[in-house]
Amino acid sequence: EEKKEEKKEEKKEEKKEEKGKGKEKEKKKEDEEEEEEAEESPAPAAAAASSAAAGAAEQAEFCWHGKIDKNGICSAADVVGRLVAGQAVDFLPPVLTVTGRMELGQLLEYLLKLASISTTRKRSSFLLSPVKDDDNGKLSNLFSYLISRNRAGHIKLLFCEEIYLIPVKKGDPYPDFLNSDTTFRNAGIASPIDSLLLVVVTNDSIKKK
């Protein structure tokens, strides 16, 4: 009888130890899971800062979304204009219509000299990208029209008469007025594709009317 009692007691102790070990394992597993979650998820402040930085970068890159139109050549191509040099402008309307042409070489020379000619007039340059495939075709037509005539497009607004559309051929260097601009990040690099630059010349007194 005594031996039976001893065995019962031993079994009880073994069960208690097993339960204790099981709880320790569960706690250890929970702690490990918490550590993994802490490593995978950024701290709230860091996440907020990261999100804010991403938003600021996106805002700096995307400056204008609208349409470019040239009668008989380019019918309201939907484009995004990303700032590549100068300061963003906030007065561009949703549709820009090319109404005239200028000799390309003379315009590029003028834009290069502009910084030394005037301290109040400034250039803002945007690289245009099509939104959809059919917009790409429209922009290609406009590019071919301008480059074949060695011309730049001219756009006039009531409050800003100096807006230019400049073609840059694939493999050609970007214009000197861009390469001389300290805010242009691709100085000295050839254009990877046929491109259209939208250049806006503003002065400190320009305000949207």
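Visitor: Leaving aside its neighbours within four places in sequence, with which residues is S191 in contact?

Guide: The model is predicted, so local features need pLDDT of at least 70 and side-chain atom pairs count only at pLDDT 80 or more, while totals for chains, interfaces and linings use all residues. Residues are numbered from 1 along each chain as its sequence is written, and side-chain values use heavy atoms, with hydrogens and water left out. Contact means heavy atoms within 4.5 Å. On that basis, and without neighbours up to four places away, S191 is in contact with V168, K169, K170, G171, D172 and Y174.

Visitor: Is S191 buried or exposed?

Guide: S191 is placed in the loop between α5 and β8; helices (H or I, at least four residues) and strands (E, at least two) are DSSP runs, numbered from the N terminus. Buried means under 20% relative accessible area, exposed over 50%, and partly exposed in between (1.4 Å probe, protein chains only). Because its relative accessibility is 2%, S191 counts as buried.

Visitor: Which backbone oxygen does the side chain of S191 reach?

Guide: A polar contact is a pair of N or O atoms within 3.5 Å; within protein, one must be able to donate a hydrogen and the other to accept it, and residues adjacent in sequence count only if both atoms are side-chain atoms. At 2.5 Å, the side chain of S191 reaches the backbone oxygen of I193.

Visitor: Which residues touch the most other members of the largest nonpolar core?

Guide: A nonpolar core is a set of buried Ala, Val, Leu, Ile, Met, Phe, Trp, Tyr and Cys residues joined through side-chain atoms within 4.5 Å. Elements giving two or more residues to the largest one include β1 (62–70), β2 (74–85) and α4 (133–148), and α4 supplies the largest share, 5 residues. One member, L92, touches W64, L157, I163, L198 and V200, residues up to four places away not being counted. Among the 27 residues of this core, those touching the most other members are I68, L92 and L198.

Visitor: On which residue is the kink in α3 centred?

Guide: Helix α3 (residues 104–117) reaches 19 Å from its first C-alpha to its last, close to the 20 Å expected, where the expected span is 1.5 Å times one less than the number of residues. The bend at a residue is the angle between axes fitted to the seven residues ending there and the seven starting there. In α3 there is a kink of about 25°, and its centre is L111.

Visitor: Which residues of α3 are buried?

Guide: An α-helix has 3.6 residues a turn, so residues three or four places apart point the same way. The cover over the buried residues of α3 includes β4 (100–103), β5, β6, β7, α5 (176–179) and β8. The buried residues in α3 include L104, L107, L111 and L114.

Visitor: How far apart in space are K67 and D78, C-alpha to C-alpha?

Guide: K67 lies in strand β1 and counts as partly exposed because its relative accessibility is 32%. Beyond four places in sequence, K67 touches A76, A77, D78, P94, V95 and L96. K67 and D78 are 11 residues apart in sequence, and their C-alpha separation in space is 4.5 Å.
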